Amino acid sequence: MKEKTNKSLFQKFLNGIEKVGNKLPDPFILFIALAIIIIIASSIFSMFHASVTHPGSGEELPIKNLASGEGIQFILSSMLDNFTGFAPLGLVLAMMLGIGLAEKVGLLDYAIRKTILKSPPALITYTVVFVGILGNLASDAAMVLIPPLAAMVFYKIGRHPLAGLVAGYAATGAGFTANLFIAGTDVLLAGISTEAASIIDDSIVVTPLDNWYFNVVSVFVITIVGGLITDKFIEPRLGKYKGGAIDAGLEEDHPKAGKAFRNSIIAALAYIILIVITIFMPNSPLRGEGGSIVPSPFLDGIVPIILIFFVIIGVTYGITVEKIKSSRDVSGYMAESMKDMAGYIVLIFAIAQFINYFSWSNIGTWVAVNGADLLKEINFTGIWLIIGYILFTASLNFLITSGSAKWALEAPVFIPMFMQLGYSPAFTQVAYRVADSSTNIVTPLMPYMVIILAFMQKYDKKAGIGTFISLMIPYSAAFLLTWIILILIFFYAGIPFGPGVTPFL
């Protein structure tokens, strides 16, 4: 009876989360509504002649009324500029031209599958987690590809397929914070962070490399933690698999896929060697003043450099497997990848309006300055403030699952506020990323949960949402705790989070 009551309470909790989350509007409508709220708030603030002293210039800034004649002129005249000038838009679309090409010709799919399938049995768990983390290069496609592939591999070698499935999902869902490479996520978040930082200081630029050192370390740390959770906790809990025979076949590779992959690796190495030689040659155009790398044209141009990298390996693979037979095929695959970005482009239009209204009205500065003053008054300003922010964002993930939408909502508030406390935008961004990634995998609102449940029921017809949540909670808790510890290590040891990036301004 007690077990039944516990299950009922737990189910009610999950149902409550799902009910509240489902009542939230689509992210596009949400940001349109927020923009309208900013218009109304600016009107109320201006009625009471509210103002704020700019922390940099010392200038007294009144809250400007977006509903006034001047405000309406701004809304109409800036709408297109807000959209086309929004920093993440061009950066992310450019990145996806290259990454999308590599995905559409089959290179990323082949690399992921072969890495897992050729892994030694003793290392298979860690390989699944490692590849899952790196899979975010393929964006959300990794969540559909890697978990079922991992389940199939576990089944083939006599291990419990659900252990492989949840390990793959945990890695891909939580892996958006970590990668050895600069991914689309880095570009997107950095662009939003730059826009938010400009509320206080428009000279600050957050680059896609600003969290890279932390991301690289996270790959190996989370791989070990995810592997240990799977081998020492999840699989023993599941026990020996007693299901029937499963058709777990694999799609046949193109006859020239292996050769194409080797050619792509050769092309990648040649390109990397060329870049390295260019960086270290005398009077290199990629080095900054005095021969520096931080800052430098190399870092400023990292997105085009990565774009060209993926175009080169994608074209090399595509030509070898005969998916690219003319120049039209290259642009065709790039166009297909842009179709996948349509929802993002629509969302960016609404986000850009919200952030610019927040900035132009000076409400963003007002919130940042007064919020920082409040935190100072209650003496809540140290590293534990950042830990508290991490826990807040991790909880918010149960209501808003879109990482980009949530950061677009949080960044204009928390980046300027934490800048007033002396923290760099890139550091606040790291805190956001670990929080968002850790609870991605347990929220019932994640759209890919339904897909994973379907695969679970392929191997265990009795599996349901309770099974899913109970298997994912250990990963979520372990990842969150591990990342908090890792942030503390970086913070107290003075380890940079990226090239020249410290926690403080």
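Biologist: Phe490 is buried, and Phe497 is buried as well; what makes a residue buried, exposed or partly exposed?

Modeller: A residue is buried when its relative accessible area is under 20%, exposed when this is over 50%, and partly exposed in between, using a 1.4 Å probe and protein chains only. This is a predicted model, in which local features need pLDDT of at least 70 and side-chain atom pairs count only at pLDDT 80 or more, while totals for chains, interfaces and linings use all residues. Residues are numbered from 1 along each chain as its sequence is written, and side-chain values use heavy atoms, leaving out hydrogens and water.

Biologist: How many aromatic pairs does a search of the whole structure find, and why is the pair of Phe83 and Phe349 called edge-to-face?

Modeller: The search finds 33 aromatic pairs. Rings of Phe, Tyr and Trp (its six-membered ring) pair if their centres lie within 6.5 Å, and planes under 30 degrees apart count as stacked, over 60 as edge-to-face and the rest as tilted. The ring centres of Phe83 and Phe349 are 5.3 Å apart and their planes stand at 70°, so this pair is edge-to-face. The two residues, Phe83 in helix H3 and Phe349 in helix H15, are 266 residues apart, and the pair links distant parts of the chain.

Biologist: Why is Phe83 called buried, and why is Phe349 called partly exposed?

Modeller: Phe83 has a relative accessible area of 18%, and is therefore buried, whereas Phe349 has 23%, and is therefore partly exposed.

Biologist: What makes the pair of Phe490 and Phe497 tilted?

Modeller: Their ring centres are 5.2 Å apart and their planes are at 35°, so the pair is tilted.

Notes: Helices (H or I, at least four residues) and strands (E, at least two) are DSSP runs, numbered from the N terminus.
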